[in-house]
Amino acid sequence: MEAIINFIMLNLRILLKCYWKIAYLIFRQYLKLRYPHIILPLKITFNGLPLFRFSNSSKVVLSESLIFTSNPKINLVGLSRRCSIYVGDGARLHIGKNSGFSGVSIYCKKNIYIGNNVNIGGNCC
């Protein structure tokens with residue numbers, strides 16, 4: 001009986017990993033189709049689904065190795081919201097390499113520059 005439970009748990013973990021990889025690829029394709037003027041880096045991690053709104057005339061630079069955490073089960077601080085980023089008409093947002101965000105709200109109307117190796121989290125606005 002214990003062997004059957006272990007077998008089921010192993011297969012469930014494998015299925016969940018596959019599910020999240022497929023969900024990530026679908027979300028990435030959605031972003032590419034919805035915002036063709038935004039270049040997404042190859043190494044970007046989404047833990048949960050963030051909320052992005054980019055104007056067509058905005059300039060957004062997302063660098064490599066970014067992590068956006070919107071899932072309260074992953075961050076021990078306890079998130080009350082998912083990550084949300086809004087970039088308005090003619091505004092510019094630059095996010096540097098190796099940065100991480102947990103439950104943040106970024107609202108850009110002119111210009112925001114976030115450097116390399118920056119972590120912002122715990123429901124920051």
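This is a short tour of the structure above, one selection at a time.

Before you start, note that this is a predicted model, in which local features need pLDDT of at least 70 and side-chain atom pairs count only at pLDDT 80 or more, while totals for chains, interfaces and linings use all residues. Residues are numbered from 1 along each chain as its sequence is written, and side-chain values use heavy atoms, with hydrogens and water left out.

**Stop 1: the helix H1**

Select residues 2-34. This is helix H1, with 33 residues; helices here are DSSP runs of H or I with at least four residues, strands are runs of E with at least two, and both are numbered from the N terminus. From first C-alpha to last, H1 reaches 47 Å, close to the 48 Å expected, where the expected span is 1.5 Å times one less than the number of residues.

Now pick out Phe27, Arg28 and Leu31, which are buried in H1. Buried means under 20% relative accessible area, exposed over 50% and partly exposed in between, using a 1.4 Å probe and protein chains only. The buried residues of H1 pack against strand S1 (44-47) and strand S2 (51-54).

**Stop 2: the aromatic rings**

Keep Phe27 selected and add the other rings. The structure holds 9 aromatic pairs. Rings of Phe, Tyr and Trp (its six-membered ring) pair if their centres lie within 6.5 Å; planes under 30 degrees apart count as stacked, over 60 as edge-to-face and the rest as tilted.

Phe27 and Phe46 make an edge-to-face pair, 5.0 Å centre to centre with 85 degrees between the planes. This pair links distant parts of the chain, as Phe27 is in helix H1 and Phe46 in strand S1, 19 residues apart. Both Phe27 and Phe46 are buried.

Step on to Phe68, which is stacked with Phe46 at 5.8 Å centre to centre and 20 degrees between the planes. Phe46 lies in strand S1 and Phe68 in strand S4 (residues 66-69), so this pair ties together parts that are 22 residues apart in sequence.

To see the whole cluster, select Phe27, Tyr30, Tyr35, Phe46, Phe52, Phe54, Phe68 and Phe101, which ring pairs link together.

**Stop 3: strand S6 and its neighbours**

Select residues 92-95, strand S6. Which side chains of S6 are buried? Leu93 and Ile95 point to one face and are buried, while Arg92 and His94 point to the other and are not. In a regular strand the side chains alternate between the two faces of the sheet.

Add strand S3 (residues 59-62), which pairs with S6 in the parallel sense over 4 bridges; strands pair if DSSP finds at least two bridges between them. Val60 has Leu93 of S6 as its bridge partner. Then add strand S9 (residues 111-114), also parallel to S6 over 4 bridges, where Asn111 is the bridge partner of Arg92.

**Stop 4: the loop between S4 and S5**

Ser70 is found in the loop between S4 and strand S5 (84-87), and Arg82 is in that loop too. Buried or partly exposed? Ser70 is buried at 11% relative accessible area, whereas Arg82 is partly exposed at 42%.

The Ser70 side chain reaches the backbone nitrogen of Cys83 at 2.9 Å, and the Arg82 side chain reaches the backbone oxygen of Leu49 at 3.5 Å. Finish on Cys83, which is buried with a relative accessible area of 0%.

Conventions:
Contact = heavy atoms within 4.5 Å. Polar contact = N/O pair within 3.5 Å; in protein donor to acceptor, adjacent residues only side chain to side chain.
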